[in-house]
Amino acid sequence: MHNCTLIAPAKINLYLEIIGDRSDGYHELAMILQSIDLADQIDIQTSSIDRIRVRCDHPQVPTDQSNLAYKAAALMTAEFPAAFLKHGGLNISINKRIPISAGLAGGSTNAAAVLLGIDLLWNLGLTQSELEELGARLGSDIPFCIAGGTAIATGRGEQLAPLPSLDNIYIVLAKYRSLAVSTPWAYKTYRQQFGSTYIKDRESLAARAAAVHSGDMVKAILHKDTKEIAQQLHNDLEKVVLPEYPLVLQLRETFAKSGVLGTMMSGSGPSVFALCESKQQAEEVKSHVRETIPDQDLELFVTQLITHGIHVASST
Ligand code: C5P
């Protein structure tokens, strides 16, 4: 029996631009993704029973075949049947700290950890790009979650170009426990409202993605200029989520009024983060938001940007 413990960090979007439609029904995106120091722990154990079993300490996380971690394990067993036969089944246990349905890639990072963990347990020796390719089949954010850090993601979100890492930057992260935004709903609504503005021809799509590569946010990241990064925060999905979810708008406004460097919704929401000047400021802002919105349903975290994705804590 072998086991492996992995730490799977969440991500935030420093930048999310919807450029156009894709023939596969998804959107052509240009995003800047950033790992944060808020992580789930994933334990994977080989077992004598030839099946995949997922457990999670969070009651709202499904543990059946709809769980992305389960799907990642199922993909590995289908891709590497000989290794599955040799090593037996898989018991996967998820210790959840990342808020769920939050726009923080909680499910995606769990799946990324499972791909990496099984690669280790089965001694497959897959490369990072092979793991990313497997991850892309299950979800657009999974490839980024593997190596993490700071990266530009284009295409469906699976084409990655690393950027110099940012760290030592603190954020406050806020999420209402019982509030969830459906990602397909957010993109579908965006298409209904803004589809007429989408860039249509291939050349212009590529030119727009290239413009983000050489744009102001990337320059700010290259200069590690936190104030400028805060100025350049952008998320097109705010245009459809904020009008529909007044609580998210209120969070955004409360952060903005509390003197932070910048604030933005992450992904399709409903989590909102605020970039701060220091850990101390982040703690003060957290207290201020807690006083202004004394709702027990609101979860608040002080955390920081980190330079890596999945981390192997132990493997035997
Ligand atoms: O790839 P993933 O399963 O994470 O995407 C969730 C949903 O988000 C998709 O079903 C789609 O509706 C939307 N999406 C999109 N374009 C992308 C990524 C996601 O329209 N590039």
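1. Let's start with S101, which you will find in the loop between β4 (89-95) and α3. Its phi is near 45°, a positive value in a residue other than glycine. Most residues other than glycine have a negative phi, so S101 is a good place to pause when you look along the backbone. Please keep in mind that this is a predicted model.

2. A second backbone detail sits in the loop between β9 (262-265) and β10 (272-276), where P270 is found. The peptide bond leading from G269 into P270 is cis, and its omega is near 5°. For background, most peptide bonds are trans.

3. Now to the ligand. Which residues are around it? They are Y26, H27, L29, G139, S140, R156, T183, P184 and Y187. Sorted by class, this shell has four nonpolar, four polar and one charged residues. The space that the ligand takes is the largest pocket. Two elements, β2 (27-47) and α6 (183-194), each give two or more residues to the shell. Of the elements, α6 gives the most, with three residues.

4. Next, have a look at the polar contacts of the ligand. A nitrogen atom of the ligand lies 2.8 Å from a backbone N or O atom of H27. For R156, too, a backbone N or O atom lies 2.8 Å from a nitrogen atom of the ligand. With S140 the side chain takes part: one of its N or O atoms is 2.6 Å from an oxygen atom of the ligand. How much of the ligand does the protein bury? Taken alone, the ligand exposes 460 Å², and the protein buries 76% of that.

5. Finally, the aromatic rings. A pair of aromatic rings is described by the distance of the centres and the angle of the planes. The count here comes to four aromatic pairs. One of them is formed by F84 and W122, with 6.2 Å centre to centre and 35° between the planes. This pair is tilted, because that class holds angles that are neither under 30 degrees nor over 60. The pair links distant parts of the chain, as its two residues are 38 residues apart. F84 belongs to helix α2 (residues 81-87), while W122 is in the loop between α3 (106-121) and α4 (128-136).

Methods:
Residues are numbered from 1 along each chain as its sequence is written. This is a predicted model: local features need pLDDT of at least 70, side-chain atom pairs count only at pLDDT 80 or more; totals for chains, interfaces and linings use all residues. Side-chain values use heavy atoms; hydrogens and water are left out. A residue is near a molecule or strand if one of its heavy atoms lies within 4 Å of it. A polar contact is a pair of N or O atoms within 3.5 Å; within protein, one must be able to donate a hydrogen and the other to accept it, and residues adjacent in sequence count only if both atoms are side-chain atoms. Accessible areas come from the Shrake-Rupley method with a 1.4 Å probe; for residues, only the protein chains shown count as cover. On a 1 Å grid over the protein atoms alone, a cavity is a set of points where a 1.4 Å probe fits but cannot get out, and a pocket is an open set with protein on both sides within 12 Å along at least five of seven lines; lining residues have an atom within 4 Å of a point. A molecule sits in a cavity or pocket if more than half of its atoms lie within 2 Å of its grid points. Helices (H or I, at least four residues) and strands (E, at least two) are DSSP runs, numbered from the N terminus. Ala, Val, Leu, Ile, Met, Phe, Trp, Tyr, Cys and Pro count as nonpolar, Asp, Glu, Lys and Arg as charged, and the others, Gly among them, as polar. Rings of Phe, Tyr and Trp (its six-membered ring) pair if their centres lie within 6.5 Å; planes under 30 degrees apart count as stacked, over 60 as edge-to-face and the rest as tilted.
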